[in-house]
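Visitor: I'd like to learn how to read helix packing and cysteines in a model like this one. Could you walk me through it?

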Amino acid sequence: MTRTRRISFSRILKSKSKERLQLRVNGTVQGVGFRPFVYRLASELQLGGWVRNISSGVEIEVEGLQVSNERFVERLRSTPPRHAVIRSIDASLLAPLGEVCFTISPSDNEAGSGPTEILPDIATCEACLKEVFDPADRRFRYPFTNCVQCGPRYTIVREPPYDRCHTTMSEFVMCEACQIEYHDPNNRRFHAQPNACPECGPQVGYQDCDGNALFDGDDAIAAAVDAILHGEIVAVKGVGGFHLFADARNIDAVQRLRTRKRREAKPFALMFPSLEAIREECEVSNIESELLAAPAAPIVLLRRRSLSDLPPELAPGNPYIGAMLPYTPLHHLLLRLLGHPVIATSGNLSEEPICINNDEARHRLRCITDHFLLHNRPIHR
């Protein structure tokens with residue numbers, strides 16, 4: 001529950017003359033589109049001032065009439081961005097400076113006390129997914145499409161505050177078109193730190209176990225799909241690490257993966273192309289369907305249908321299946337082409353940590369996988 005300290009809002013908001021408020025907002029307020037939200041709200045209410053990231057969250061200064069300041073604070077608390085969690089707001093009254101325009105200011109690494117909370121990676125939103133499969137869109141079939149409502153967060157941040165220069169996206173310089181989106185307050189990519197497109201962003205590549213590059217871009221994805229359909233195991237680099245993909249319907253591929261991974265009987269998690277595909281194999285309640293479609297895209301344990309065609313070797317002696325939906329554009333592209341569930345198990349030998357680095361994966365997974373579907377965006381954690 002949001003708490004207010006140091007000075008009450010009722011005391012601050014008494015004056016009818018112009019006032020200036022300093023607000024320090026703590027919680028999950030970085031990587032959720034909070035600064036664009038504050039910018040649009042302050043502009044709508046005709047307030048001057050600025051907003052910036054600080055080490056402990058977000059700092060705001062707003063200047064305007066008492067009634068406008070009051071509306072700003074109330075809407076800040078009651079209607080924050082979808083993924084934001086406000087834990088506290090510290091408020092102070094400052095002398096007016098006469099500012100009438102509102103801006104997003106550069107972050108201040110020194111301001112604030114204590115680390116901020118960085119949001120976990122967020123599954124691809126519907127708007128981005130629509131672009132990925134729209135032949136007329138400039139991000140058609142681009143595996144790293146994202147906006148302020150979705151995409152990598154926690155796994156790409158090197159240090160707070162959450163700005164592009166502090167993420168593994170810093171090496172990818174936005175093209176002119178992406179820059180226009182990034183600076184447009186009316187665009188859903190306004191201050192989206194991982195913003196990218198095929199012209200300026202990360203790319204995928206398909207390699208053999210010796211590191212030889214075989215295909216790039218869309219051809220790499222098609223090659224990975226073809227290999228999986230022919231019973232091969234493919235190590236796929238995702239948003240936070242590697243998964244081992246194999247055809248869930250192919251008993252030989254399932255058994256080969258068990259042998260190579262040294263995983264004799266532990267169930268494998270499955271990724272399905274859609275909720276409808278999950279319903280064909282599993283019993284899914286309303287609550288379970290909501291969980292599957294949640295922004296965190298969790299694995300959900302579902303009871304297998306008695307008429308399921310999936311081989312029992314996926315979860316020996318177990319009536320449940322660990323099911324998940326695609327949660328990145330790359331996964332959506334793969335599963336759309338495959339059209340059926342695949343094993344999506346962690347990229348490691350049993351009891352070892354998951355691989356996150358390309359070189360590390362090539363070294364540690366070459367005894368398990370047949371090919372690699374890699375990308376060049378570093379995973380920091």
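Guide: Sure, and keep in mind that this is a predicted model. Let's start with a helix pair: α2 (residues 34–44) and α3 (residues 66–78) have axes that come within 10 Å and cross at roughly 150°.

Visitor: Roughly parallel or roughly antiparallel: how does α2 run relative to α3?

Guide: Angles over 145 degrees count as roughly antiparallel, so α2 is roughly antiparallel to α3. The crossing of α2 past α3 is right-handed.

Visitor: Which residues of α2 and α3 meet?

Guide: From α2 you have F34, F37, V38, L41, A42 and E44, and they meet F72, R75 and L76 of α3. Sorted by type, the residues of this α2–α3 contact are seven nonpolar, two charged and no polar.

Visitor: What about α6 and α10: at what angle do they pack?

Guide: Helix α6 (residues 217–229) packs on helix α10 (residues 329–338) at about 50°, with the axes 10 Å apart. That angle makes α6 oblique to α10. Here too, the α6 crossing past α10 is right-handed.

Visitor: And which residues does α6 bring to α10?

Guide: I221, A224, V225, I228 and L229 of α6 meet L330, L333, L334, L337 and L338 of α10. The contact of α6 with α10 has ten nonpolar residues, with no polar and no charged ones.

Visitor: Now the cysteines. How many disulfides are there?

Guide: A disulfide is a covalent bond between the sulfur atoms of two cysteines. Searching the whole structure turns up zero disulfides.

Visitor: Buried or exposed: what are C101 and C282?

Guide: C101 counts as exposed because its relative accessibility is 55%, while C282 counts as buried because its value is 0%.

Technical notes. Residues numbered from 1 in each chain as written. Predicted model: local features only at pLDDT ≥ 70, side-chain atom pairs only at ≥ 80, totals over all residues. Heavy atoms only, no water. Disulfide = S-S within 2.5 Å. Buried < 20%, exposed > 50% of the residue type's maximum accessible area, 1.4 Å probe, protein only. Axes fitted to C-alpha atoms, helices over the stretch in contact; angles between N-to-C directions. Helix = DSSP H or I, 4+ residues; strand = E, 2+ residues; numbered from the N terminus. Parallel < 35°, antiparallel > 145°, perpendicular 65-115°, else oblique. Left-handed = near helix turned anticlockwise from the far one by under 90°. Contact = heavy atoms within 4.5 Å. Nonpolar A, V, L, I, M, F, W, Y, C, P; charged D, E, K, R; others polar.
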